[in-house]
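Hi,

Here is the structure I promised to pass on. Have a look at it first, and my notes come after.

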Amino acid sequence: MNLTDLQQGKTAVVSDVTKLNDIVKQRLIDMGLVEGQEICLKCAMPFGGPVMVEVCGQCLSLRRKEASRIGVS
Amino acid sequence: MSQFALLGNPNTGKTSLFNHLTGSYAYVGNWSGVTIEKKVGKLRHQTDLLVDLPGIYSLNPLSKDEEVVTEFLLTDEFEKILNIVDASQLKRNLQLTIQLIEFGKPLIVGLNMVDVAQSRGIQINEKKLSDILGVRVVPIIARTGKGCDLLTKELTSDTRKKSPGTPTFKVDYGFLEEIIEQMSELFPDDVNLNKRWMAVQYLEGNKRVISYVSQHMPNTALLEQIKQEVEEELVKRGYAHSLRQFIYHMRDKNITHLLEQTTIVTSSTKTTTTDMIDRVVTNKFLGLPIFLFFMYVVFMLTFDWLGTPLSDVLDGFMSGPLTTWTENGLHVIGASKFIKDLVLNGIIAGVGGVLVFVPQIFIMFFLISFLEDSGYMARVAMVMDRIMESIGLNGKAFIPMIIGFGCNVPGIMAARTIEQPKERLLTILLTPLMSCSARLPVYALFVGAFFVNHRALVVLSLYVLGIVVAMVMARIFSFLFLKKEKSVFVIELPPYRVPQALTLWRSTWEKGKGFIRKAGTFIFAGSVLIWLLTYAGPHGWNVEMDDSFLAFIGGVLAPIFEPLGFGTWQAAASLLTGFLAKEVVVSTMNIIYHAPDTASLTGVLSTQYSALSALSFMSFILLYIPCLATVATIRKETASKKWTYVSVIYSLVIAYIISLVIYQIGGLFF
Ligand SMILES: Nc1nc2c(ncn2[C@@H]2O[C@H](COP(=O)(O)OP(=O)(O)OP(=O)(O)O)[C@@H](O)[C@H]2O)c(=O)[nH]1
Ligand SMILES: [Mg+2]
């Protein structure tokens, strides 16, 4: 399952970030989005726009394409 | 005298603290990436210097503003690091703290935002934290200045003693330790950086450190080989996917252990205000409409509801009492006719004609500052990302553009936080198309003369025209030269904060000051020069305006603008001077048309322009060339003559085409 499969407002645990683009990966890791962290999908922008997630009490936004490369369980 | 460096994650309050400790008014805002260059200030009542730097997540730079920090660490002289950490985000912040500890310089931790942490139910035992890290930890609230005195004392006290601030905390990288040792021995002795730190950064893949090492070592093949082998070994043993991940993980383990001993979280699951606002503002369907509505309100307040009435009052004062007083004053001191003319028709007309727009410009800057300090800015970037993606950019590029509505110069600088070099370049090229506040006076003048009943609508459409042209140009540019680079977008959304009145006023003033300063310098000098050029001509002094030098110069260029509907020497002359600063267009017209106040100027204008040619002229002003200061900034930020020329030339061409289309096609209908 990946992050975009998550229902809005639901929480899961990040299981895989290896498929991400390098720059995005480094940024997300810096912001605390790493394997084993709890992640909550807050909302998604229309027309395939970015998603907003919460990790460690901090909200981030990333593109849906990238979100779909983040495995969660 | 010693120098201290402020380092920490983005948006943790470094600049707020810097302002408190040094009494400066540096740029504060509630999003990541506000500070984009190094700034030095003198500590209050001390001789020591404090250096404010951009925020960073780690020492391995991804964007231009982060490069500034790594560069500073590697090449600048400083005695101590003041590491600001966000108490409500300790886990993440300590990743950087560990890297700074490894750097080996004396270090003090400023535990900021303790108020935020407290409201989230996080309690930190700073004594214990201090003991484990082996550094002083000072809890502060940079926003109010709480704890800042203690921090200054800590900072300045023991620099002369035998570095008691040097930290003792050490992360054990397990099976890497041996490799780190081995690499440290390979580094040359003439570099005065901590070798263990260099080895760890090298293994992590810090590009700047790797290039630094290769500058100081003839042959790094062995280092590269060691790094590669150890990475393979890691993967083979199944410890991690990469060296970087492994190092991150080891630090994380230490941090988790440390936090267990030092923090207590009485978790509160209540929904925060930020959550509630976000439910509306970043709502799937409402997000974009709300942003557009917000921009509309900003515009109307600036231009219509509040700004224009205030400007009218000011104009009344300048053209009435001020002019009379000056006239009388000049009479009393017995000034010659030349001086009288210069002051009244040159300086008051030129500079005063621009200063009347101060209220509008301050209102606009105030609202932009509000946007910056509230936390909404990052949300705007998110809401706009989908649209920006379709033109080959990302949502972050929208922040420089919004700032550009105030003034293009800081807008262009703000593009530093964009990770991808080509997206950044594109943003720099497009930001000048955002209609900055300096163009507002020109619009105000012309709509006052030609579109009295549709003032706001016409000006709004000019703003929109700038945005639309920017989008089309983005498509064209990204098609021409940006095809291959992948666009990326990741942004942090900080919690909303109610902006402090003082901060808001300061940042409004800091921005608005530039406008007033320009009035005293560029516009003043421009006005005097223009007046002289109208006063003198090839046949002597005090000539008729049409025989003046200015008429002569403008007349040469005028035919070029004939097809656009404003082929007069007056228009050409004001466009020429408008390159200095766009407000100078208004000054020039005030002087050329000899108008005592705005009302009579608009009267004269309607004999020279038609509604259509006025529209064409305003569009041309919007697009034709970035002002002098902007061109200089583009030159500095792109570090390329070629792109500077491109930015000037493409905007001239676009302006000509658009104005031509407006005037010629419009002419078919009206
Ligand atoms: N509640 C609270 N807010 C704070 C505190 N310190 C700073 N802020 C706010 O945090 C925001 C960011 O402050 P800045 O000083 O611009 O942060 P910075 O670290 O310089 O940010 P960058 O330059 O982007 O790295 C502002 O809105 C401040 O008002 C604090 O102690 N408590
Ligand atoms: Mg800052």
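Below is what I found, starting with how to read it.

This is a predicted model, so local features need pLDDT of at least 70, side-chain atom pairs count only at pLDDT 80 or more, and totals for chains, interfaces and linings use all residues. Residues are numbered from 1 along each chain as its sequence is written, chains are lettered from A and ligands numbered from 1 in the order in which they are written, and side-chain values use heavy atoms, with hydrogens and water left out.

First, the ligand site. The shell around ligand 1 has 25 residues (a residue is in if one of its heavy atoms lies within 4 Å), and B:Lys14, B:Thr15, B:Ser16, B:Val34 and B:Thr35 come nearest. Oxygen atoms of ligand 1 take part in several polar contacts (pairs of N or O atoms within 3.5 Å; within protein, one must be able to donate a hydrogen and the other to accept it, and residues adjacent in sequence count only if both atoms are side-chain atoms). B:Thr15 comes in with a polar side-chain atom at 2.7 Å, while B:Gly33 uses a backbone N or O atom at 2.9 Å. For B:Val34 a polar backbone atom is 2.9 Å from a ligand oxygen. On its own ligand 1 exposes 660 Å², and the protein buries 98% of that (Shrake-Rupley areas, 1.4 Å probe). H1 and helix H4 (114–119) of chain B are the elements that give two or more residues to the shell (helices are DSSP runs of H or I, at least four residues; strands are runs of E, at least two; both numbered from the N terminus). H1(B) has the largest share, with three residues.

That same helix, H1 (residues 14–22), also holds B:Thr22, where UniProt, in an unreviewed entry, places a "binding site" (annotations may be inferred rather than shown by experiment). B:Thr22 counts as buried because its relative accessibility is 11% (buried is under 20%, exposed over 50%, partly exposed in between; 1.4 Å probe, protein chains only). Leaving out residues up to four places away in sequence, B:Thr22 touches B:Gly41, B:Lys42, B:Leu43, B:Arg44 and B:Leu50 (heavy atoms within 4.5 Å). A polar atom of the B:Thr22 side chain also lies 2.6 Å from the backbone oxygen of B:Phe18.

Over in chain A, A:Phe47 sits in the loop between strand S2 (38–44) and strand S3 (51–55). A:Phe47 counts as exposed because its relative accessibility is 74%.

Cheers
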